[in-house]
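These notebook entries record what I looked up in one structure. I began with the surface and worked inward from there.

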Amino acid sequence: MKNHLLILTGLLLFSATALALEKTGPVQSDKVHQQMQQLVPFSVDQTLETFTKTVHGGIQHVVAKAADNTKQIKLIRAHLLKIADEFRKGDFSVTERIHGADMPGLAQLKKAETDDIKFEYKVLPDGAQIHYSTEYPELVQALHLWFDAQKIEHGNAEIPEHSRHHSTPAE
């Protein structure tokens with residue numbers, strides 16, 4: 001009888017925890033969405049964003065949902081160029097304002113020396129990307145943690161034309 005009671009108690013606790021996590025997920029995403037919209041110049045609802053991990057770091061794409069939306073494309077490009085420049089200087093304040101100081105990987109990224117991580121900005125036909133790369137395993141791990149957290153909080157849109165040219169994680 002005690003075993004059944006323990007099992008029942010365990011199931012109830014597990015269910016309550018799962019329900020609590022399920023309820024906080026969308027609330028957190030909504031909060032991140034609202035904070036992001038206040039801090040970026042483009043319309044978050046009119047764009048797609050992906051975070052693809054690679055062996056040496058990862059690639060962040062931000063593209064307009066409509067390829068003919070030149071206004072959003074210009075705003076995306078300006079924003080990604082700006083944050084790539086800020087990241088090169090060790091300034092992750094925009095990320096911290098959106099996600100909080102305890103975002104996984106962020107503390108390690110902020111401690112990196114200039115030039116330990118490369119932030120390569122590239123224009124895409126419908127937006128832009130930043131290629132993050134480093135030769136330091138601990139910083140690769142920090143980038144991967146940071147990318148995973150970005151995916152959880154922003155989602156990770158499917159952009160088939162971009163994933164095709166990043167099919168190998170060796171970049």
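**Entry 1. Surface and overall make-up.** I first looked up the accessible surface of the protein, which comes to about 10100 Å². Carbon and sulfur atoms account for 59% of that surface. I note at the outset that the model is predicted. Of the 171 residues in the protein, 37% are buried. I then listed the secondary structure and found six helices and four strands. Read from the N terminus, the elements follow the order α-β-β-α-α-α-β-β-α-α. For contacts between residues at least 6 apart in sequence, I looked up the share that joins residues at least 24 apart, and it is 67%.

**Entry 2. The sheet.** I next asked in what order the strands of the open sheet lie. The sheet has four strands in the order 1-2-4-3, and their pairing is antiparallel. Strand 1 (47-54) and strand 3 each have a single partner strand and stand at the edges, so one side of each is left without a neighbour in the sheet. The twist from one strand to the next averages 15°. As background, strands of a sheet pair through backbone hydrogen bonds, either parallel or antiparallel.

I went on to the individual pairings. Strand 1 and strand 2 run antiparallel and are joined by eight bridges. Within this pairing, Thr47 has Ala64 of strand 2 as its bridge partner. Strand 3 and strand 4 (residues 127-133) are also antiparallel, with seven bridges between them. The connection from strand 3 to strand 4 is a hairpin through two residues. I recorded one bridge of this pairing for later use: Phe119 is partnered by Tyr132 in strand 4.

**Entry 3. Aromatic pairs.** How many aromatic pairs does a search of the whole structure find? The search returns 10. I examined Phe92 and Phe119, whose ring centres are 6.2 Å apart and whose planes stand at 65°, an edge-to-face arrangement. This pair links distant parts of the chain, since its members are 27 residues apart. Phe92 lies in the loop between helix 2 (70-88) and helix 3 (93-99), and Phe119 lies in strand 3 (residues 118-124). I checked their exposure against the 20% limit for burial. Phe92 has a relative accessible area of 3% and is therefore buried; Phe119, at 5%, is buried as well.

I took Trp146 and Phe147 as a further pair. Their ring centres are 5.8 Å apart and their planes meet at 55°, so I entered the pair as tilted. Trp146 is buried at 1% relative accessibility, and Phe147 is buried at 0%.

I then looked up which residues make up the aromatic cluster that holds these rings. One cluster is formed by Phe51, Phe87, Phe92, Phe119, Tyr132, Trp146 and Phe147. Phe119 and Tyr132, the bridge partners from the previous entry, are thus both in this cluster.

**Entry 4. The nonpolar core.** Which residues have the most contacts inside the largest nonpolar core? They are Tyr132 and Trp146, in a core of 28 residues. At least two residues of this core come from each of strand 2 (57-64), helix 2, helix 4 (106-111), strand 4 and helix 5 (137-154).

I listed the contacts of Trp146, leaving aside its neighbours within four places in sequence. They are Phe87, Thr95, Met103, Pro104, Gly105, Leu106, Leu109 and Tyr132.

From that list I followed Leu109, which is placed in helix 4. Leu109 is buried, with 2% relative accessibility. With neighbours within four places again set aside, its contacts are Phe92, Ile117, Leu139, Ala142, Leu143 and Trp146. For Leu109 and Leu143 I noted a C-alpha to C-alpha distance of 7.3 Å, at a separation of 34 residues in sequence.

**Entry 5. A backbone angle.** My last query concerned phi. Most residues other than glycine have a negative phi. Asp115 has a positive value, near 75°. Asp115 is located in the loop between helix 4 and strand 3. Is Asp115 buried or exposed? Its relative accessible area is 67%, so I entered Asp115 as exposed.

Notes
Residues are numbered from 1 along each chain as its sequence is written. This is a predicted model: local features need pLDDT of at least 70, side-chain atom pairs count only at pLDDT 80 or more; totals for chains, interfaces and linings use all residues. Side-chain values use heavy atoms; hydrogens and water are left out. Rings of Phe, Tyr and Trp (its six-membered ring) pair if their centres lie within 6.5 Å; planes under 30 degrees apart count as stacked, over 60 as edge-to-face and the rest as tilted. Buried means under 20% relative accessible area, exposed over 50%, partly exposed in between (1.4 Å probe, protein chains only). Two strands pair if DSSP finds at least two bridges between them. A nonpolar core is a set of buried Ala, Val, Leu, Ile, Met, Phe, Trp, Tyr and Cys residues joined through side-chain atoms within 4.5 Å. Contact means heavy atoms within 4.5 Å. Accessible areas come from the Shrake-Rupley method with a 1.4 Å probe; for residues, only the protein chains shown count as cover. Axes are lines fitted to C-alpha atoms, for helices over the stretch in contact, and angles run from 0 to 180 degrees between N-to-C directions.
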